[in-house]
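Student: I've got a structure open and I'm not sure how to read it. Could you walk me through it, one feature at a time?

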Amino acid sequence: MKKEKFIIYCSTLITAIVITMFISSIVTFISIKEPSLFWSVWPKNWFYATLVAFPTIMIVRPIALNISKKLSDILYYIK
């Protein structure tokens with residue numbers, strides 16, 4: 001694996017882990033009735049969220065970059 005590809009995969013994984021940590025902790029805390037259950041519920045939710053987030057980011061990122069490039073070409077062409 002080339003260094004550039006490794007950097008993309010590694011940074012995507014780190015991003016997925018950190019973002020899902022925050023989102024899943026907030027959503028878990030809001031959704032449970034008993035706050036003492038948080039530590040028994042949240043880690044599992046975080047794990048599943050990371051499993052979903054990583055491949056989703058890998059799929060959506062190139063599409064988002066293409067849309068952003070086209071949008072910026074349109075907006076900066078107008079000026």
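Tutor: Sure! Keep in mind that this is a predicted model. Let's begin with helix α1, which covers residues 3–31 and so has 29 residues by the helix assignment. From its first C-alpha to its last it reaches 41 Å, close to the 42 Å expected at 1.5 Å a residue.

Student: How many helices and strands does the protein chain have in total?

Tutor: The count is 2 helices and 0 strands. The partner of α1 is α2, which runs over 38–78.

Student: What does the radius of gyration say about the protein chain?

Tutor: You read it against a yardstick. A compact globule of 79 residues would come out near 12 Å, but this chain has 18 Å. The box around the C-alpha atoms fits into that picture: roughly 55 × 35 × 15 Å along the principal axes.

Student: What share of the residues counts as buried?

Tutor: Just 14% of the 79 residues. The chain exposes about 6,700 Å², and carbon and sulfur atoms supply 75% of that area.

Student: Which residues of α1 are buried, and what covers them?

Tutor: In α1 the buried ones are Thr12, Ala16, Thr20, Ser24, Ser25 and Thr28. Their cover includes α2. You can also look at contacts along the whole chain: among those between residues at least 6 apart in sequence, 59% join residues at least 24 apart.

Student: Let's zoom in on threonine 20. Why does it count as buried?

Tutor: The cut-off for buried is under 20% relative accessible area. Threonine 20 has 8% relative accessibility, so it counts as buried. This residue sits in helix α1.

Student: Which side chains make polar contacts with the side chain of threonine 20?

Tutor: There are two to look at here. One goes to the side chain of tryptophan 46, at 3.2 Å. Another, at 2.9 Å, joins threonine 20 to the side chain of threonine 50. If you skip residues up to four places away in sequence, threonine 20 touches Ser25, Trp46, Ala49, Thr50 and Ala53.

Student: Is serine 25 buried or exposed?

Tutor: Buried, because its relative accessible area is 18%. Like the previous example, serine 25 belongs to helix α1. Its side chain reaches the backbone oxygen of phenylalanine 22 at 2.8 Å. Leaving aside neighbours within four places in sequence, serine 25 is in contact with Thr20, Phe38 and Trp42.

Student: How do I describe a pair of aromatic rings?

Tutor: You give the distance of the centres and the angle of the planes. A search of the whole structure finds 6 aromatic pairs. One of them is phenylalanine 29 with phenylalanine 38: 6.2 Å centre to centre and 70° between the planes, which is edge-to-face.

Student: What about phenylalanine 38 and tryptophan 39?

Tutor: Their ring centres are 5.1 Å apart and their planes lie at 85°, so this pair is edge-to-face. Phe29, Phe38, Trp39, Trp42 and Trp46 form one aromatic cluster.

Student: How buried or exposed are phenylalanine 29, phenylalanine 38 and tryptophan 39?

Tutor: It's a mix. Phenylalanine 38 is buried, at 11% relative accessible area. Phenylalanine 29 counts as partly exposed because its relative accessibility is 49%. Tryptophan 39 has 63%, so it counts as exposed.

Student: Where does leucine 65 lie, and how far is its C-alpha from that of isoleucine 26?

Tutor: Leucine 65 lies in helix α2. The C-alpha atoms of leucine 65 and isoleucine 26 are separated by 28 Å, and the two residues are 39 residues apart along the chain. At 47% relative accessibility, leucine 65 counts as partly exposed.

Student: Last one: where is methionine 1, and what does it touch?

Tutor: Methionine 1 is in the segment before α1. With 74% relative accessibility, methionine 1 counts as exposed. Not counting residues up to four places away in sequence, methionine 1 touches Phe6 and Tyr9.

Terms used
Residues are numbered from 1 along each chain as its sequence is written. This is a predicted model: local features need pLDDT of at least 70, side-chain atom pairs count only at pLDDT 80 or more; totals for chains, interfaces and linings use all residues. Side-chain values use heavy atoms; hydrogens and water are left out. Helices (H or I, at least four residues) and strands (E, at least two) are DSSP runs, numbered from the N terminus. The radius of gyration is taken over C-alpha atoms; the globule rule is 2.2 Å times the number of residues to the power 0.38. Buried means under 20% relative accessible area, exposed over 50%, partly exposed in between (1.4 Å probe, protein chains only). Contact means heavy atoms within 4.5 Å. Accessible areas come from the Shrake-Rupley method with a 1.4 Å probe; for residues, only the protein chains shown count as cover. The expected span of a helix is 1.5 Å times one less than its number of residues. A polar contact is a pair of N or O atoms within 3.5 Å; within protein, one must be able to donate a hydrogen and the other to accept it, and residues adjacent in sequence count only if both atoms are side-chain atoms. Rings of Phe, Tyr and Trp (its six-membered ring) pair if their centres lie within 6.5 Å; planes under 30 degrees apart count as stacked, over 60 as edge-to-face and the rest as tilted.
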